[in-house]
Amino acid sequence: MPKPSPKLRLIATVLIVLGILVLIFPFFNKDLSERTIEVNGQTRRYLFYEPDHAQGKLPLLLVFHGFSGTAEGMRESSQLHELVNKHQFFLAYLDGDPTW
């Protein structure tokens, strides 16, 4: 089998590094925290975003996913967390199990 060219090896390396960064990027998001709350004896999970330098009373936006969806899926499809710092509000993507 022929040896891959240096250019092909460079492209493969760049793609691998980019893939790893995409996978680990969510873990570096300082604004995001995963939290739980107990409701009627059942533990519910949600993804919570807090704006940088939050001061005083700020509004809280609750985001509900559709049937059999997830908090992560709603986060990815809505991208509302991108607005948290600009508009100074708290955000919670709620996780049903699988419904409300």
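These exercises work through strand pairing, cores and salt bridges in a predicted model.

**Exercise 1. Which strands pair with β2, and in what sense?**

Step 1. Start with β1 (residues 32–39): eight bridges join β1 to β2, and the two run antiparallel. Leu-32 stands opposite Tyr-49.

Step 2. Look at the hairpin of β1 and β2. Two residues lie between the strands, and Asn-40 takes a positive phi near 50°.

Step 3. Turn to β4 (residues 90–95). Five bridges pair β4 with β2, again antiparallel. Here Leu-47 faces Tyr-93.

**Exercise 2. Decide how enclosed strand β2 is, and find its residues in the nonpolar cores**.

Step 1. Buried means under 20% relative accessible area. Six of the eight residues of β2 (residues 42–49) are buried, so the strand is largely enclosed by the rest of the structure.

Step 2. The largest nonpolar core has eight residues, among them Leu-47, Tyr-49, Leu-91 and Tyr-93. β2 and β4 are the elements that give two or more residues to this core.

Step 3. A second, separate core has five residues, including Tyr-46, Phe-48, Ala-92 and Leu-94.

Step 4. Recall the general pattern: side chains alternate between the two faces of the sheet in a regular strand.

**Exercise 3. Trace the salt bridges of Arg-45**.

Step 1. Arg-45 meets Glu-72 at 2.7 Å, N to O. Glu-72 sits in helix α2 (residues 71–78), 27 residues from Arg-45.

Step 2. Arg-45 also meets Asp-95 at 2.6 Å. Asp-95 lies in β4 and Arg-45 in β2, so this pair ties together parts 50 residues apart in sequence.

Step 3. Check exposure. Arg-45 is buried at 19%, and Asp-95 is buried at 12%. Glu-72, at 35%, is partly exposed.

Step 4. Assemble the network: shared partners join Glu-34, Arg-45, Glu-72 and Asp-95.

Conventions
Residues are numbered from 1 along each chain as its sequence is written. This is a predicted model: local features need pLDDT of at least 70, side-chain atom pairs count only at pLDDT 80 or more; totals for chains, interfaces and linings use all residues. Side-chain values use heavy atoms; hydrogens and water are left out. Buried means under 20% relative accessible area, exposed over 50%, partly exposed in between (1.4 Å probe, protein chains only). Helices (H or I, at least four residues) and strands (E, at least two) are DSSP runs, numbered from the N terminus. Two strands pair if DSSP finds at least two bridges between them. A nonpolar core is a set of buried Ala, Val, Leu, Ile, Met, Phe, Trp, Tyr and Cys residues joined through side-chain atoms within 4.5 Å. A salt bridge is a side-chain nitrogen of Lys or Arg within 4 Å of a carboxyl oxygen of Asp or Glu.
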